[in-house]
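User: I have a model open and want the reasoning behind its labels. Can you take me through them?

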Amino acid sequence: MAQKQVTLPASIDDTLKLLTGADYVADRSLATVLFLALKMGRPLFLEGEAGVGKTEIAKVLSATLGRKLIRLQCYEGLDVAAAVYEWNYAGQMIAIRLAEAEGAVDRDRLSGDIFSEKFLIKRPLLQALEPDTAGAPVLLIDELDRADEAFEAFLLEVLADGQVTIPELGTVKAEHPPIVIITSNRTREIHDALKRRCLYHWVGYPTAERELTIVRAKVPGIGRVLSEQVVGFVQMLRKEDLFKAPGVAETLDWATALAELDVAALDPATISNTLGVLLKYQDDIARIDESKASQLLDEVRAELRAAE
Amino acid sequence: MSVSPDGRLADNIVYFARALRAAGIPVGPGSVLDALEAVKAAGVGTREDFYWTLHAVFVKRHEHSLLFEQAFRIFFRRRDYLDKVMSAMLPQAPPSEPEPPKAGAQRVAEAMFSGLGEEDKPKTDVEIDARLTVSDREVLQRKDFAQMSALEIAQARQAIKQLVLPLNEVKTRRLKPNSRGRVVDLRRTLRASMKAGGALIDLQTLGPRTKAPPIVALVDISGSMSQYTRLFLHFLHAVTDARKRVHTFLFGTRLTNVTRALKQKDPDEALESCTASVTDWSGGTRIGTSLHLFNKLWARRVLTQGAIVLLITDGLERDPDDRLAFEMDRLQRSCRRLIWLNPLLRFEGFEAKAKGIRTMVQHVDELRPIHSLESMGELVRALSADGGQSNEATAWLKRVA
């Protein structure tokens, strides 16, 4: 065999190991549902606040399993032509003209010729059904809540049976259905019919301990004290009455920013100078002013002292 | 390791699914089969793994996680239960008694509803006039509506057909066939020219597709509004029936999402299940608090794709403060259009005690007062009207502000 195929994990522990090996710090619940999705061949539907690492799971999966990653970013107005397939109209027209020039005017044969796979342009969903030497690809359908409700219906056939029906051509079925990961930020509810075909998991904010592991894995240069304070402060912020609590992505951004600024330990002034990395709403930033920040920081310090 | 369909584990999963259904998580027979498959795939290891295995299959919404947790804790309460499950999967093991599902469901329901009513303590306020006065005191009570007559239902359907909200149609980014469109539809063009054997190319075009934007209704059900509540709920039921995306929230002293309840086809049934899910009928009003909850928990989930917000309240807040203004401001910024429908507002006899109204009026796009509200027809007319009434309201608005 030219390429060594990485086998799917055989147990929940294996799945956890696989993710940890790729610097993705997952909790056991996520590993369980991911293992089941792989084992049962079901799509995995991940919902959660922005910046908690939903998309990252698909990337890590494709990297560790050595599979191709096919990404479909959803947006308002996404339709079949952009997501599933499109005909190569220019090519078809030329084919018609050529047939005319040759004098072949058998209409049935002509339409059979021009609606053939030769003129089919494959978009992500159809690409994902193609056989691949490395094994079935990972299909990431990102931020499904951004697409219109009508678009969800196109997905049902792909998700349930791993196939797509093209009226002019027939049904295209994958020999090995792709590993499907769907993410949503829950800006609207996804229809139950779609959810029913998937395994559902809510990706929440990590615990302090896990977040610390994530920060240390992703920001290698960061000091022990700073990383503890950063995580403690962010965890404290999430308990505040904010419009948008910071996600893990924001924690990492902040940790990186502070490390770049050569900060050894947090102080109120640094916090209020860099708060824009963490909070993205003006009301939230106004709420956490310097005195509030220093109060939170004191609490974090007291907590860390108590833990020692 | 195999899970035979007649084994104890299968029985227990079926019972558990039934308990979940009783607790309010929609679990279909398909999910039960999935659960069996999942348990078979994952094996029964630790309690945590078993928990997340069933969670992956049965829970399809984040808010059901809590119910699931409660149900799981009660159903698989006995510490040695999992040992029994594991031994039950071996053929020689003695069968263990399954937990009775009824009792489990009962306790889940109790577990669900315990804790309500603790957060807000009733305050001792004395109110004299029931109408046009407000209190922030929480009176938890149930409500019974009179049944709908067939005539009423028919009239409502008729009236709703005439409902034209401002910005009733919004352009989407999707296209549909349109002979005056500007985008060439190559697919249809090619098909059409194939009909003629490819000799003729008849250009087919696409134009924008429009659709009705989502409606989000926030309805005040406090004591001062109680006489209109039935009408509004019936109205919203009819609108929910006629349109695709309608979300309804009721608020008095707390905020309740009754969208699912109103989706039932029969108006009586819909109103009945509404009644069952709300506990603060005809009590006090806390507009600021309710809007805060809405903004925080729901706004980002339901105010997408150009939603129109119908705020139905008399605006009589006991303690209007900065918070009300702040939350109104945020609400207005998050939606496409904020329409305030006020059934109790009279222009004359307006007094300083209605400070809440003054605060709110500055943050709405449109104010639609109704002097007397007796029927669905009037309500629909008030909502559909543009110009006339709202001009009057605007003039009044300027005087007040």
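Analyst: What follows is a set of questions on how the labels arise in this predicted model.

User: Why is A:Trp202 called buried?

Analyst: A residue counts as buried if 20 or more other C-beta atoms lie within 10 Å of its own. A:Trp202 has 21 other C-beta atoms within 10 Å, so it is buried. The residue lies in strand 9 (residues 199-202) of chain A.

User: Which residues is A:Trp202 in contact with, leaving aside neighbours within four places in sequence?

Analyst: A:Trp202 is in contact with A:Glu47, A:Gly48, B:His62 and B:Ser65, with those neighbours left aside. In space, C-alpha to C-alpha, A:Trp202 and A:Lys54 are 9.5 Å apart; in sequence they are 148 residues apart.

User: Is A:Lys218 buried, exposed or partly exposed, and how do you know?

Analyst: The cut-offs are 20 or more for buried and 12 or fewer for exposed. A:Lys218 has 17 other C-beta atoms within 10 Å, so it is partly exposed. A:Lys218 belongs to helix 10 of chain A. Apart from neighbours within four places in sequence, A:Lys218 is in contact with A:Asp23 and A:Leu252. A:Lys218 and A:Leu252 are 34 residues apart in sequence, and their C-alpha atoms are 7.4 Å apart.

User: What makes A:Asp23 exposed?

Analyst: The limit for exposed is 12 or fewer. A:Asp23 has 12 C-beta neighbours inside 10 Å, so it counts as exposed. Its place is the loop between helix 1 (12-21) and helix 2 (28-40) of chain A.

User: What is noted about the phi of A:Asp23?

Analyst: A:Asp23 has a positive phi of about 65°, although it is not a glycine. Most residues other than glycine have a negative phi. A:Glu143 also has a positive phi, of about 55°, and is not a glycine.

User: Where is A:Glu143, and why is it called partly exposed?

Analyst: A:Glu143 sits in the loop between strand 5 (138-142) and helix 8 (149-161) of chain A. Partly exposed covers the counts between the exposed and buried limits, 12 or fewer and 20 or more. A:Glu143 has 18 other C-beta atoms within 10 Å, so partly exposed is its label.

User: Why are helix 10 and helix 12 of chain A called oblique?

Analyst: Helix 10 (residues 208-218) and helix 12 (residues 248-260) of chain A pack at an angle of about 50°. Angles under 35 degrees count as roughly parallel, and 65 to 115 as roughly perpendicular. The angle falls in neither range, so the two helices of chain A are oblique to each other. Their axes are 10 Å apart. Helix 10 of chain A passes helix 12 of chain A in a right-handed crossing.

User: Which residues make that contact?

Analyst: Helix 10 of chain A brings A:Glu211, A:Ile214, A:Val215 and A:Lys218; helix 12 of chain A brings A:Val248, A:Thr251, A:Leu252 and A:Ala255. By class they divide into five nonpolar, one polar and two charged.

User: What makes helix 1 and helix 2 of chain B oblique?

Analyst: The axes of helix 1 (residues 8-23) and helix 2 of chain B cross at roughly 135° and come within 10 Å. Roughly perpendicular covers 65 to 115, and roughly antiparallel starts over 145. The angle fits neither, so these helices of chain B are oblique to each other. Their crossing is right-handed. Residues making the contact include B:Ile13 and B:Val14 of helix 1 and B:Leu36 and B:Val39 of helix 2 of chain B. The classes are nine nonpolar, one polar and no charged residues.

User: Which residues have the most contacts inside the largest nonpolar core?

Analyst: They are A:Val33, A:Leu44, A:Ile181, A:Leu199, B:Leu20 and B:Phe58, in a core of 104 residues. Leaving aside neighbours within four places in sequence, A:Leu199 has contacts that include A:Val33, A:Leu44, B:Ala56 and B:Val57. A second, separate core has 56 residues, among them B:Leu233 and B:Leu310.

User: How many residues does each chain give to the contact between chains A and B?

Analyst: Chain B gives 27 residues and chain A gives 33. Helix 3 of chain B gives the most to the chain B side, with six residues. That side has ten nonpolar, eight polar and nine charged residues.

Key. Residues numbered from 1 in each chain as written. Chains lettered and ligands numbered in written order. Predicted model: local features only at pLDDT ≥ 70, side-chain atom pairs only at ≥ 80, totals over all residues. Contact = placed C-beta atoms within 7 Å. Helix = DSSP H or I, 4+ residues; strand = E, 2+ residues; numbered from the N terminus. Nonpolar A, V, L, I, M, F, W, Y, C, P; charged D, E, K, R; others polar. Core = buried A, V, L, I, M, F, W, Y, C linked by C-beta atoms within 7 Å. Axes fitted to C-alpha atoms, helices over the stretch in contact; angles between N-to-C directions. Left-handed = near helix turned anticlockwise from the far one by under 90°.
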